[in-house]
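Reader: I am new to this structure and would like to go through it slowly. Could you take me through the space inside it and then its cysteines?

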Amino acid sequence: MSEPDLNALDAISIGSRLAGAQVVAAQPARSGGNNRVFRLEMAKGPPLALKHYPSDGRDRLGQEYDALTFLSRHGISSTPRPVAKDADAFCALYQWFDGDAAVLRPQENDADQLADFLIELQTLRDAEGAQTLRNASASIFSPEQAIAQYEQRLDGLRRAADDDPDLRAFIDGSLVPTTAAAVRRLRRRYAELGRDPAADLPPAHRALSPSDFGLHNALRAEDGRLRFIDFEYFGWDDPVKLVSDTAIHPGSDLPAASANRLIERLSRAFEAGDDVFAIRRDVLYPVFGAIWCLIVLNAYLPESRSRRALAAQGGDLTVRLAGQLDKARRLHQTICQRDPDLTPR
């Protein structure tokens with residue numbers, strides 16, 4: 001059960017205490033399904049951001065605060081600098097970034113800016129404090145873990161599809177056949193290489209990943225540069241998952257050319273230290289794509305946060321669910337277009 005949302009007076013009180021300085025006003029800002037953010041106007045100095053986290057059993061505050069502390073300590077300036085935290089109040093104070101939501105007005109060089117940031121993160125893999133960072137949320141370190149995550153999500157959605165013929169038709173007629181073909185190819189390729197698809201990726205080949213990352217996590221400054229927020233899922237992960245998730249993420253909705261550019265640049269960076277990276281990327285990409293199709297369809301699950309969010313928007317929930325199904329179909333089509341061998345004959 002989440003703690004009640006903070007109001008402006010709470011934010012002023014907590015913000016003043018954490019900053020050790022007077023807050024004169026608090027305005028609700030970037031609000032999401034998992035948290036709430038206030039822009040704090042200070043009596044002296046620049047504004048700050050107060051973020052309130054849910055008490056949902058995950059240490060979102062600790063994961064994000066530790067991540068941003070690590071990044072700030074090592075000179076990353078495109079992420080907010082942490083100021084102070086109060087775990088008992090589920091709140092943390094950060095540097096405030098002005099800017100427009102980048103995903104609302106994507107630009108041609110956004111994919112390169114995403115790639116630049118993710119490549120910069122990898123220069124910190126051996127930096128002080130890196131080895132004590134947590135694993136990323138929903139991290140995957142072997143192909144079999146990816147397959148298991150797909151199957152677990154699929155099982156839950158299939159139960160929800162019993163009363164929805166359109167959803168059932170997409171799952172059984174499109175998603176399952178192409179993903180089954182991808183899994184067969186993956187296991188066959190690993191057998192040819194003499195590798196165990198259940199073996200964990202060595203730590204030396206893992207990546208620092210914001211996880212669940214894309215333009216929905218970016219703000220565009222006046223000079224056009226992107227700054228990145230929301231690091232509640234940050235940690236170690238398979239670089240193939242990082243590349244795939246960033247290119248596929250519906251929150252970015254990257255055009256095919258931009259997604260390919262992102263994949264190309266990140267792949268070059270990771271291939272330098274992993275001679276089978278390209279093979280792993282090619283066989284795992286459609287599996288991660290299938291997982292994202294299922295994530296888009298989470299709204300069909302009766303108790304999901306996505307369903308509650310759609311219901312809160314008002315209107316006909318059935319229509320909104322159909323919109324999510326259409327989004328999943330388009331995403332699946334994009335994955336198949338990138339990998340025509342998986343298209344059902």
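Reader: Which residues line the largest cavity?

Author: This is a predicted model, and the search of it gives a count of one cavity of 30 Å³ or more. The space in the largest cavity is about 60 Å³. Its lining is made up of Leu175, Thr178, Thr179, Ala182, Pro286, Gly289, Ala290, His332, Ile335, Cys336 and Leu342.

Reader: Which element gives the largest share of the lining of the largest cavity?

Author: Two or more residues of the lining come from each of helix H5 (165-193), helix H8 (277-296) and helix H10 (317-338). The largest share, which amounts to four residues, is given by H5.

Reader: How many charged residues does the lining of the largest cavity have?

Author: Sorted by class, the lining holds seven nonpolar residues and four polar ones. Leu175 and Thr178 are among the residues that were sorted in this way. The number of charged residues in the lining is zero, as the class count gives no charged residues.

Reader: Cys336 was named in the lining, so how many disulfides does the whole structure have, and how far from Cys336 is the nearest cysteine sulfur?

Author: A disulfide is a covalent bond between the sulfur atoms of two cysteines. The search of the whole structure finds zero disulfides. Cys336 is in no disulfide, and the nearest cysteine sulfur, which belongs to Cys293, lies at a distance of 8.3 Å.

Reader: Is Cys336 buried or exposed?

Author: Buried means under 20% relative accessible area. The relative accessible area of Cys336 is 11%, and therefore Cys336 is buried.

Note on methods: Residues numbered from 1 in each chain as written. Predicted model: local features only at pLDDT ≥ 70, side-chain atom pairs only at ≥ 80, totals over all residues. Heavy atoms only, no water. 1 Å grid on protein atoms, 1.4 Å probe; cavity = no way out; pocket = protein on both sides within 12 Å on 5 of 7 lines; lining within 4 Å. Points joined across faces, edges and corners; volume = space filled by probe spheres on them. Nonpolar A, V, L, I, M, F, W, Y, C, P; charged D, E, K, R; others polar. Disulfide = S-S within 2.5 Å. Buried < 20%, exposed > 50% of the residue type's maximum accessible area, 1.4 Å probe, protein only.
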